[in-house]
Amino acid sequence: QVQLVESGGGLVQAGGSLRLSCTASGRAFGLIIMAWFRQAPGNEREFVAAVSWSGGVTAYADALKGRFTISRGNLKNTVFLQMDNLRPEDTAVYYCAAKLPRGDSLRAGYDNWGQGTQVTVSS
């Protein structure tokens, strides 16, 4: 089990950028896969991006690849989500997630979740 705390959400105009941060603490915090998910009102939670424990492997939702970039600050056990060219449809609560590496997919199987941070994109 790890504890996750997100930050960096807020209000931004369409076409703007925002960078989210998530810091993990607890056991195995240096050996975890970390990811971002999001959930808009009335929608199911969806995968956004993930990064391996080493930071060397990443995965993205197909529709978001090219606009969003995930990176990892391993020394501080922090993951970032750089969001560029934001659109109103990106408005959602963004959640940080983590799991221990087991050789499975980066896109699913997460069992630790942060509280979420609100991202609102205005037109």
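# A disulfide, a charged network and a sheet

Me: What is the torsion about the S-S bond of C22 and C96?
Reply: The disulfide of C22 and C96 is left-handed. A disulfide here is a pair of cysteine sulfur atoms within 2.5 Å. The left-handed label follows because the torsion about the S-S bond is about -85°.

Me: What kind of model is this?
Reply: Residues are numbered from 1 along each chain as its sequence is written, and side-chain values use heavy atoms, with hydrogens and water left out. Local features need pLDDT of at least 70, side-chain atom pairs count only at pLDDT 80 or more, and totals for chains, interfaces and linings use all residues: the model is predicted.

Me: How many residues apart in sequence are C22 and C96?
Reply: The structure holds 1 disulfide, with an S to S distance of 2.0 Å between C22 and C96. C22 sits in strand 3 and C96 in strand 9. Strands (E, at least two residues) are DSSP runs, numbered from the N terminus. The bond therefore links distant parts of the chain, and the gap between its two cysteines is 74 residues.

Me: Is C22 buried or exposed?
Reply: Buried means under 20% relative accessible area, exposed means over 50%, and partly exposed lies in between (1.4 Å probe, protein chains only). C22 has a relative accessible area of 0%. That value is under the cut-off, so C22 is buried.

Me: Which cysteine does C22 touch, leaving aside its neighbours within four places in sequence?
Reply: Contact means heavy atoms within 4.5 Å. The contacts of C22 include L4, V5 and E6, and also M34 and W36. N77, T78 and V79 are on the list too. The cysteine among them is C96.

Me: How many salt bridges are there?
Reply: A salt bridge is a side-chain nitrogen of Lys or Arg within 4 Å of a carboxyl oxygen of Asp or Glu. One of them joins R38 to E46, with the closest N and O atoms 2.6 Å apart. By this rule the count comes to 3.

Me: Which is buried, R38 or E46?
Reply: E46 has a relative accessible area of 37%, so E46 is partly exposed. The other partner has 9% relative accessibility and counts as buried: R38.

Me: How far apart in sequence are D90 and R38?
Reply: Their side chains meet in a salt bridge, 2.9 Å from N to O. D90 lies in the loop between strand 8 (78-83) and strand 9 (92-99), while R38 lies in strand 4 (residues 33-39). So the pair ties together parts that are separated in sequence by 52 residues.

Me: Which four residues do the shared salt bridges join into one network?
Reply: R67 bridges D90 as well, with N and O 2.8 Å apart. R67 is in the loop between strand 6 (58-60) and strand 7 (68-73), 23 residues from D90. R67 is buried at 9% relative accessible area, and D90 is buried at 0%. Through shared partners, one network joins R38, E46, R67 and D90.

Me: What is the average twist from one strand to the next in the open sheet?
Reply: The open sheet has 4 strands in the order 1-3-8-7, with antiparallel pairing (two strands pair if DSSP finds at least two bridges between them). Its edge strands, strand 1 (2-7) and strand 7, each pair on one side only. Axes are lines fitted to C-alpha atoms, and angles run from 0 to 180 degrees between N-to-C directions. The twist averages 20°.

Me: Which residue in strand 3 is the bridge partner of V5?
Reply: Strand 1 and strand 3 (residues 18-26) run antiparallel and are joined by 6 bridges. L4 stands opposite A24. V5 has as its partner T23.

Me: Which side chains of strand 1 are buried?
Reply: In a regular strand the side chains alternate between the two faces of the sheet. Along strand 1, Q3, V5 and S7 point to one face and are not buried. The other face has the buried side chains: V2, L4 and E6.

Me: Which residues touch the most other members of the largest nonpolar core?
Reply: A nonpolar core is a set of buried Ala, Val, Leu, Ile, Met, Phe, Trp, Tyr and Cys residues joined through side-chain atoms within 4.5 Å. The largest has 38 residues. Those touching the most other members are M34, W36, L81, M83 and Y94.
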